[in-house]
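This note is written for a colleague who meets the structure for the first time. Please read the points below with the sequence and the coordinates at hand.

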Amino acid sequence: MNSQEEWSEHATFMNRLAADGFVVLGGPVGETGDVLLVVDAAGEDEINATLSPDPWSQSGILEVKTIQRWTILLQAGEEA
């Protein structure tokens, strides 16, 4: 992955989002080239606005295909 165009700029941007608590989990899924990104956001507008300055969003490398709400019902170390 780190040989991809604009990798260091993208990685710096995403690491900042993770440090800020916006990105909770993220990484490639299988061999498809798709990426799963779990974020803490109020909705689609916030997600799109937050990701739009990413160098990969600007160059078309990163494309948001779907946004789905996730309700967490089970979490290690937490009682329901």
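The numbered points go from the overall fold to the pocket, the core and a few single residues.

1. **Nature of the model and fold.** The model is predicted, and the remarks below should be read in that light. The protein chain contains three helices and two strands. Their order along the sequence is α-β-β-α-α, so that in this pattern the two strands stand between the opening helix and the closing pair of helices.

2. **Dimensions and surface.** The C-alpha trace of the protein chain spans about 45 × 30 × 25 Å along its principal axes. The accessible surface of the chain is about 6,400 Å², and carbon and sulfur atoms account for 50% of this surface. Of the 80 residues in the chain, 16% are buried.

3. **Contacts across the sequence.** Contacts between residues at least 6 apart in sequence were examined for their reach along the chain. In 42% of them, the two partners are at least 24 residues apart.

4. **The largest pocket.** The volume of the largest pocket is about 1,400 Å³. It is lined by 40 residues, and those closest to its centre are Val35, Leu36, Leu37, Val38 and Val39. Helix H1 (7-19), strand S1 (23-28), strand S2 (35-39) and helix H2 (44-51) are the elements that each contribute two or more residues to the lining. By residue type, the lining comprises 25 nonpolar, nine polar and six charged residues.

5. **The nonpolar core.** Which residues make up the largest nonpolar core? The core consists of seven residues: Phe13, Met14, Leu17, Phe22, Val23, Ile47 and Leu51. H1 and H2 each provide at least two of its members, and H1 makes the greatest contribution, with three residues. In soluble globular proteins, nonpolar side chains tend to be buried together.

6. **Phe13, a member of the core.** Phe13 belongs to the core just described. Leaving aside residues up to four places away in sequence, Phe13 is in contact with Thr50, Leu51, Pro53, Asp54 and Pro55. One of these partners, Leu51, is also listed in the core.

7. **Val39, at the pocket.** Val39 is part of strand S2 and is among the residues closest to the centre of the largest pocket. Is Val39 buried or partly exposed? Val39 counts as partly exposed, because its relative accessible area is 22% and buried residues must fall under 20%. Beyond residues up to four places away in sequence, Val39 touches Phe22, Val23, Val24 and Ile47; of these, Phe22, Val23 and Ile47 appear in the nonpolar core. The C-alpha atoms of Val39 and Ala18 are 8.8 Å apart, with 21 residues of separation in sequence.

8. **Thr12, in the helix H1.** Thr12 is located in helix H1. Its relative accessible area is 44%, so Thr12 is partly exposed. The C-alpha atom of Thr12 is separated by 15 Å from that of Val24, which is twelve residues away along the chain.

9. **Glu6, a point of backbone geometry.** Glu6 lies in the segment before H1. Although Glu6 is not a glycine, its phi is positive, at about 60°. Glu6 counts as partly exposed because its relative accessibility is 29%.

Methods:
Residues numbered from 1 in each chain as written. Predicted model: local features only at pLDDT ≥ 70, side-chain atom pairs only at ≥ 80, totals over all residues. Heavy atoms only, no water. Helix = DSSP H or I, 4+ residues; strand = E, 2+ residues; numbered from the N terminus. Buried < 20%, exposed > 50% of the residue type's maximum accessible area, 1.4 Å probe, protein only. Contact = heavy atoms within 4.5 Å. Areas by Shrake-Rupley, 256 points an atom, 1.4 Å probe, with all protein chains shown as cover. 1 Å grid on protein atoms, 1.4 Å probe; cavity = no way out; pocket = protein on both sides within 12 Å on 5 of 7 lines; lining within 4 Å. Points joined across faces, edges and corners; volume = space filled by probe spheres on them. Nonpolar A, V, L, I, M, F, W, Y, C, P; charged D, E, K, R; others polar. Core = buried A, V, L, I, M, F, W, Y, C linked by side-chain atoms within 4.5 Å.
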